[in-house]
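I opened this entry to look up strand pairing, aromatic contacts and the main pocket. My notes follow in the order I made them.

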Amino acid sequence: MRRIEIGRIGKPYGMAGGLKFRGEAVVFDLEKVYLEGLGYRLIEEIEELGNELVVYLSGVQNRSEAERLAGLRVYADQDDLPELEEGEYYYFELVGRPVFVDGKPFGEVVDVEDGAQDRLVIKARGASLRAQSKTYLVPLQAPYVKIEADGIYIEAIPGLFD
């Protein structure tokens, strides 16, 4: 079974074992998560506090127990992730996909950075070592980026790969 990283545990919240959660909103659809090095924990409750999430996990009853979990990576089993609509995808599914620029092989996706504008991190393939070590950031939502079954196709615009 494949585990997918969906976030990290942040600082404790309150005295009842609450944990700030930084990560994917998919956590709302899960019954359990896997904590790095500790195993599975059931999700008992999730609170939204402004832009932050606070999760309450089984076995975490107070602040001192929560403090020991700060910084841990949080995973979900791939089979537990909800099905997506046609044309939607999870970012982990993009990593490793080949990238084509103007129809020609260019490189592959090595990461996806999320933020105000999510970006593909693309590692170029080339004949020289210098070309092989270069990475590019491409806005994922751009109209010139098309995700297909066999790879990601990008129409080069001026300045994108300079």
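I looked up Lys-20 first: its bridge partner in strand S5 is Val-54. The model is a predicted one, and I read it as such. Lys-20 belongs to strand S2 (residues 18-23), which runs antiparallel to S5 and is joined to it by three bridges.

I then checked the other partner of S5. Strand S4 (residues 39-49) pairs with S5, again in the antiparallel sense, over six bridges. Within this pairing, Glu-48 has Leu-53 as its bridge partner in S5. I noted that S4 and S5 make a hairpin with two residues between them. Gly-50 lies in that turn and has a positive phi of about 65°.

Is S5 mostly covered or mostly open? I found that five of the six residues of S5 (residues 52-57) are buried, so I put the strand down as mostly covered, taking buried as under 20% relative accessible area.

Next I went through the rings. I count five aromatic pairs in the model. One of them is Tyr-34 with Tyr-40, which is edge-to-face, at 5.1 Å centre to centre and 75° between the planes. Tyr-34 has a relative accessible area of 18%, which is under the 20% limit, so I list it as buried. Tyr-40 comes out at 36%; that value lies between 20% and 50%, so Tyr-40 is partly exposed.

I also looked at Phe-106 and Tyr-136. Their ring centres are 5.4 Å apart and their planes stand at 55°, which is neither under 30 nor over 60 degrees, so I record the pair as tilted. This pair links distant parts of the chain, with Phe-106 in strand S8 (residues 104-113) and Tyr-136 in strand S10 (residues 135-139), 30 residues apart. Both Phe-106 and Tyr-136 are buried.

Going back to Tyr-34, I see that it forms one aromatic cluster with Tyr-40 and Tyr-75. What sits over the ring of Tyr-34? I found the charged end of Arg-3 there, 3.6 Å from the ring centre.

Last, I looked up the largest pocket, whose volume is about 550 Å³. It is lined by 22 residues, and those closest to its centre are Glu-5, Ile-6, Glu-24, Tyr-91 and Phe-92. Strand S1 (3-13) and S8 each supply at least two lining residues. S1 gives the most, with six. By class I noted eleven nonpolar, one polar and ten charged residues in the lining.

Conventions: Residues numbered from 1 in each chain as written. Predicted model: local features only at pLDDT ≥ 70, side-chain atom pairs only at ≥ 80, totals over all residues. Heavy atoms only, no water. Phe/Tyr/Trp six-rings, centres within 6.5 Å; stacked < 30°, edge-to-face > 60°. Buried < 20%, exposed > 50% of the residue type's maximum accessible area, 1.4 Å probe, protein only. Helix = DSSP H or I, 4+ residues; strand = E, 2+ residues; numbered from the N terminus. Lys NZ or Arg CZ within 6 Å of the ring centre and 35° of its normal. 1 Å grid on protein atoms, 1.4 Å probe; cavity = no way out; pocket = protein on both sides within 12 Å on 5 of 7 lines; lining within 4 Å. Points joined across faces, edges and corners; volume = space filled by probe spheres on them. Nonpolar A, V, L, I, M, F, W, Y, C, P; charged D, E, K, R; others polar. Pairing = 2+ DSSP bridges.
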